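Reader: Could you take me through one part of this model up close? I'd like the charged side-chain pairs, with a bit of context before we get to them.

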Amino acid sequence: MVGANSVLTTKVIRENTRKRFTEVAVAVEEIGNSMTLTLKVLAEGKHKKSSLGVF
């Protein structure tokens, strides 16, 4: 019975790890998208300021 419990525990740990990895991967992607958008907005703002002669 001890063997069955450790197999079940290993499966639960593996599934929880897989879920957590997916959550982290999604969060990292969202952060990357947010940073890309922020950089794009900043670049556009800088371009508009320099076209007005403001630096």
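Reader: To set the scene, how much area does the chain expose, and what share of it do carbon and sulfur atoms supply? After that, please zoom in on the salt bridges.

Author: Sure, and keep in mind that this is a predicted model. The chain exposes about 5200 Å², and carbon and sulfur atoms supply 67% of that area. As for the fold, the secondary structure comes to 1 helix and 0 strands. Buried residues make up 0% of the chain's 55 residues.

Now for the pairs you asked about. The structure holds 2 salt bridges. Side chains of opposite charge can pair when their charged atoms come close.

Start with Glu15, which forms a salt bridge with Arg18. Their closest N and O atoms are 2.7 Å apart. Both residues sit in helix α1, which covers residues 2-51, and because they are 3 residues apart there, about one helical turn separates Glu15 from Arg18. How covered are they? Glu15 has 33% relative accessibility, so it counts as partly exposed. Arg18 is partly exposed too, at 48% relative accessibility.

Next up is Glu23, whose side chain meets that of Arg20 in a salt bridge, with an N to O distance of 3.0 Å. Here again the partners lie in helix α1: Glu23 and Arg20 are 3 residues apart, about one turn of the helix. Glu23 has a relative accessible area of 47%, so it is partly exposed. Arg20 comes in at 52%, and since exposed means over 50%, Arg20 counts as exposed.

Methods:
Residues numbered from 1 in each chain as written. Predicted model: local features only at pLDDT ≥ 70, side-chain atom pairs only at ≥ 80, totals over all residues. Heavy atoms only, no water. Helix = DSSP H or I, 4+ residues; strand = E, 2+ residues; numbered from the N terminus. Buried < 20%, exposed > 50% of the residue type's maximum accessible area, 1.4 Å probe, protein only. Areas by Shrake-Rupley, 256 points an atom, 1.4 Å probe, with all protein chains shown as cover. Salt bridge = Lys/Arg side-chain N within 4 Å of Asp/Glu carboxyl O.
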